[in-house]
Amino acid sequence: MGRRREAQTVTEISRDKVAIPPFFIHVRGVDQSVETISLGLHSVVIGTDDDADIVLQDSRVSGKHCALRATPTGILLEDKKSKNGTWIGPVRVREVLLPVGLHVAIGRSEIWVERQGTTKVERLSKTSRFGDVLGESQVMRLLFEDLRRAAPKEEIGILLLGETGTGKTTLAKAVHQASGRTGRFVLVSCGETPEPLIASELFGHLRGSFTGAVARRGKLAEADTGTLFIDEIGELPLESQKKLLTAIDEKKYCPIGSNAYQSFQAQIITATHKNLRQMVREGKFRQDLYYRLAALTVTVPPLRDRREDIPLIVESFLARQSPPVAPSALQPWFSELLQSYHFPGNVRELENLVRSHIHLPGVPLPLDQEEPPDSAPRHVTLERELLAKPYAVAREIGTDRFLRVYLTGVLEECGGNVAAAAKRMGINEKYLYKLKRRLHLP
């Protein structure tokens with residue numbers, strides 16, 4: 001008998017427990033070397049971009065070529081609008097449940113997944129909130145539980161990975177709140193601080209330590225017995241990386257221009273959207289510092305990988321408005337758009353779209369320009385403008401997802417009368433029925 005299907009899928013045992021099979025992705029590059037990475041609930045992105053989880057040197061592979069993640073229905077493989085495609089044999093695939101052991105071709109490289117070891121039972125948070133971060137999905141409740149357990153343990157370095165806008169700063173604040181530490185939460189961003197000033201920002205400096213310098217406390221001193229959150233740690237220069245490692249190991253540091261050490265007790269949390277493991281291999285980030293910071297590495301998933309959380313996030317955002325806004329105030333077509341949009345700006349972009357929809361009726365929605373070409377259009381007007389557009393224009397600026405929203409809106413406006421809707425759109429009824437079947441509309 002073959003292995004039961006359940007052995008190849010993520011299985012929720014109870015509200016607070018999930019069984020995750022030990023999947024591993026193997027990627028063989030052009031040079032025939034093989035890189036292996038574990039596969040869990042979060043997406044593993046493969047491509048040539050420096051911030052991909054597995055970086056390939058293959059001219060036929062796109063920057064973010066494809067992604068894989070374990071789901072309750074199997075291993076999901078998704079092509080990320082790659083130029084040369086993702087292939088299983090002679091078949092080009094866009095999204096597929098990938099059987100274990102089946103080889104996939106991207107460019108001149110290949111991917112396959114193996115199951116090695118025994119299934120691991122992970123604890124999930126029983127609640128859908130951690131601080132101000134919301135999530136009902138398994139991947140978010142696993143993340144909440146991991147951070148909750150690590151929060152009071154000062155010796156565990158926490159590294160938050162994830163795209164811009166996924167909520168890494170808000171999660172770091174939640175860890176600080178859960179830690180019970182009495183000091184402040186202090187933020188420093190290496191990406192926003194000029195490189196020559198980063199060391200001074202972290203450690204402070206004495207008066208006269210450089211031309212025009214006045215005495216200044218650094219962020220470590222400000223954090224004191226609280227939490228220091230270092231955002232975009234991948235931008236930290238190598239020289240400052242060495243100083244930071246020494247400070248973390250010895251719990252003391254020297255301000256610039258001083259020979260006297262100062263002690264600190266701050267917990268260190270770091271974050272980046274970059275692939276630090278790849279930077280270590282390239283000599284751009286110290287390996288010893290990486291291991292010190294990444295005792296617990298948490299990948300914050302992009303919003304498109306946890307669409308089931310969108311209604312919860314939107315409802316919370318609406319409740320915080322002044323005055324509060326009822327979810328019923330959202331137009332049906334807008335709610336459908338939120339479930340189909342790619343959200344390159346993640347939660348930050350979601351809130352911006354909802355805010356625009358509520359407070360700026362009649363103004364085009366500010367959809368991110370990085371949206372993939374065959375997803376929702378870059379500029380979608382509100383319903384009354386959208387319905388006034390001829391079908392030909394809607395077809396030109398949209399795709400199936402957008403057409404589904406458009407046709408649904410027209411039919412609702414016409415009270416479900418197909419003849420009236422077809423006339424308004426400038427097409428015949430037969431073609432409208434054909435479109436409804438293709439778009440799976442009732």
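**Briefing: a parallel sheet and a helix trio**

Helix H2 (residues 168-179) lies across four strands, namely S17, S18, S19 (227-231) and S22 (267-272), and runs at about 165° to S22. Please keep in mind that this is a predicted model. Below you will find the sheet, its strand S17, and then the packing of helix H10 with H8 and H9.

**The sheet**

- The open sheet is built from 5 strands in the order S18-S19-S22-S17-S23, with parallel pairing.
- At its edges sit strand S18 (185-189) and strand S23 (296-299), each of which pairs on one side only.
- On average, neighbouring strands of this sheet are turned by 20° against each other, direction ignored.

**Strand S17 and its partners**

- Strand S17 (residues 158-161) runs parallel to S23, and 4 bridges join the two.
- Towards S23, Ile158 has Leu296 as its bridge partner, and Leu159 is matched with Thr297.
- S17 also pairs with S22 in the parallel sense, over 4 bridges, and there Leu159 stands opposite Thr270.
- Which way do the side chains of S17 point? Ile158 and Leu160 point one way, while Leu159 and Leu161 point the other way, and all are buried.
- In a regular strand, side chains alternate between the two faces of the sheet.

**Helices H8 and H10**

- A packed helix pair is described by the angle between the two axes and the distance between them.
- The axes of helix H8 (residues 310-319) and H10 come within 10 Å and cross at roughly 55°.
- H8 and H10 are therefore oblique to each other, and their crossing is right-handed.
- From H8, the contact is made by Ile310, Ile313, Val314, Phe317 and Leu318; from H10 come Val347, Leu350, Glu351, Val354, Arg355 and Ile358.
- The residues of this contact divide into 9 nonpolar, no polar and 2 charged.

**Helices H9 and H10**

- Helix H9 (residues 332-340) and helix H10 (residues 346-359) have axes that come within 12 Å and cross at roughly 170°.
- Why are H9 and H10 described as roughly antiparallel to each other? Their axes cross at roughly 170°, and angles over 145 degrees count as roughly antiparallel, so the term applies to this pair.
- Trp333, Phe334 and Leu338 of H9 make the contact with Leu350, Leu353, Val354 and His357 of H10.
- Here the residues divide into 6 nonpolar, 1 polar and no charged.
- Leu350 and Val354 of H10 appear in the contact with H8 and in the contact with H9.

Key. Residues numbered from 1 in each chain as written. Predicted model: local features only at pLDDT ≥ 70, side-chain atom pairs only at ≥ 80, totals over all residues. Heavy atoms only, no water. Axes fitted to C-alpha atoms, helices over the stretch in contact; angles between N-to-C directions. Parallel < 35°, antiparallel > 145°, perpendicular 65-115°, else oblique. Contact = heavy atoms within 4.5 Å. Nonpolar A, V, L, I, M, F, W, Y, C, P; charged D, E, K, R; others polar. Left-handed = near helix turned anticlockwise from the far one by under 90°. Pairing = 2+ DSSP bridges. Buried < 20%, exposed > 50% of the residue type's maximum accessible area, 1.4 Å probe, protein only.
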